[in-house]
Amino acid sequence: IDEIPSVSWFAIGYLVVMGSMVAFGCFLYSLQNLSTEQASIYAYINPIIALFIGWWLGNEPLTAMIISGAMVTIIGVYLVNRGYKKA
């Protein structure tokens, strides 16, 4: 434990609090206040938002493969929701 830098402990703590507890709380809130279909969209959209926040704040690279994967996900979510609206 002494060999792990304090910045790493901070990163782990941040991921536990923000990445798990806050995100799960927001997801439970959405399940209680939105339809199930709408709440399930967050499972697909949140990683895409995280990609762009990482690019914007963390200077992480956005490659053509990453952008095309995000577009496939967005189009898939759109098509699924369009199917629910027709039904």
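A residue counts as partly exposed when its relative accessible area falls between the buried limit, under 20%, and the exposed limit, over 50%. By that rule, Ala23 is partly exposed, because its relative accessibility is 37%. The legends below describe a predicted model.

**Figure 1. Overall view of the protein chain, an arrangement of three helices without strands.** Read along the sequence, the elements follow the pattern α-α-α. The C-alpha trace spans about 60 × 35 × 20 Å along its principal axes. The radius of gyration of the protein chain is 17 Å, whereas a compact globule of 87 residues would have a value near 12 Å. Of the 87 residues, 9% count as buried. The chain exposes about 7,200 Å², of which carbon and sulfur atoms supply 71%.

**Figure 2. Confidence of the prediction along the protein chain.** The mean pLDDT is 86, and 94% of the residues reach 70 or more. Among the elements, helix H1 (residues 6–33) has the highest mean pLDDT, 88, and H2 the lowest, 85. Where pLDDT is low, the predicted coordinates should not be read in detail.

**Figure 3. Close-up of helix H2 (36–58) and its bend at Tyr44.** The bend at Tyr44 amounts to about 35 degrees, and a proline, Pro47, follows within four residues. The end C-alpha atoms of H2 are 33 Å apart; this agrees with expectation, because 23 residues at 1.5 Å a residue should span 33 Å. Within H2, the residues Ala39, Ile41, Ile48 and Gly54 are buried. The helix is followed by Asn59, a residue with positive phi.

**Figure 4. Close-up of Asn59 in the loop between helix H2 (36–58) and helix H3 (64–86).** The phi angle of Asn59 is near 55 degrees, a positive value in a residue other than glycine. Is Asn59 buried or exposed? Asn59 counts as exposed, because its relative accessible area is 68% and the class requires over 50%.

**Figure 5. Close-up of Ser30 in helix H1 and its contacts.** Ser30 is buried, because its relative accessibility of 5% lies under the 20% limit. Which residues does Ser30 contact, leaving aside its neighbours within four places in sequence? The contacts are with Ala39 and Tyr42. Ala39 is itself one of the buried residues of H2.

**Figure 6. Close-up of Ala23 in helix H1, shown with Asn46.** Ala23 and Asn46 are 23 residues apart along the chain, and their C-alpha atoms are separated by 9.4 Å. Ala23 is partly exposed, with a relative accessibility of 37%.

**Figure 7. Close-up of Tyr14 in helix H1, shown with Gln38.** The relative accessible area of Tyr14 is 47%, which means that this residue counts as partly exposed. How far apart are the C-alpha atoms of Tyr14 and Gln38, what separation in Å? The separation is 27 Å, for two residues that are 24 residues apart along the chain.

**Figure 8. Close-up of Ala64 in helix H3, shown with Ser20.** Ala64 is exposed, because its relative accessibility of 65% is over the 50% limit. Along the chain, Ala64 and Ser20 are 44 residues apart, and 29 Å separates their C-alpha atoms.

Technical notes. Residues are numbered from 1 along each chain as its sequence is written. This is a predicted model: local features need pLDDT of at least 70, side-chain atom pairs count only at pLDDT 80 or more; totals for chains, interfaces and linings use all residues. Side-chain values use heavy atoms; hydrogens and water are left out. Helices (H or I, at least four residues) and strands (E, at least two) are DSSP runs, numbered from the N terminus. Buried means under 20% relative accessible area, exposed over 50%, partly exposed in between (1.4 Å probe, protein chains only). The expected span of a helix is 1.5 Å times one less than its number of residues. The bend at a residue is the angle between axes fitted to the seven residues ending there and the seven starting there. pLDDT is the predictor's confidence in each residue, from 0 to 100. Contact means heavy atoms within 4.5 Å. The radius of gyration is taken over C-alpha atoms; the globule rule is 2.2 Å times the number of residues to the power 0.38. Accessible areas come from the Shrake-Rupley method with a 1.4 Å probe; for residues, only the protein chains shown count as cover.
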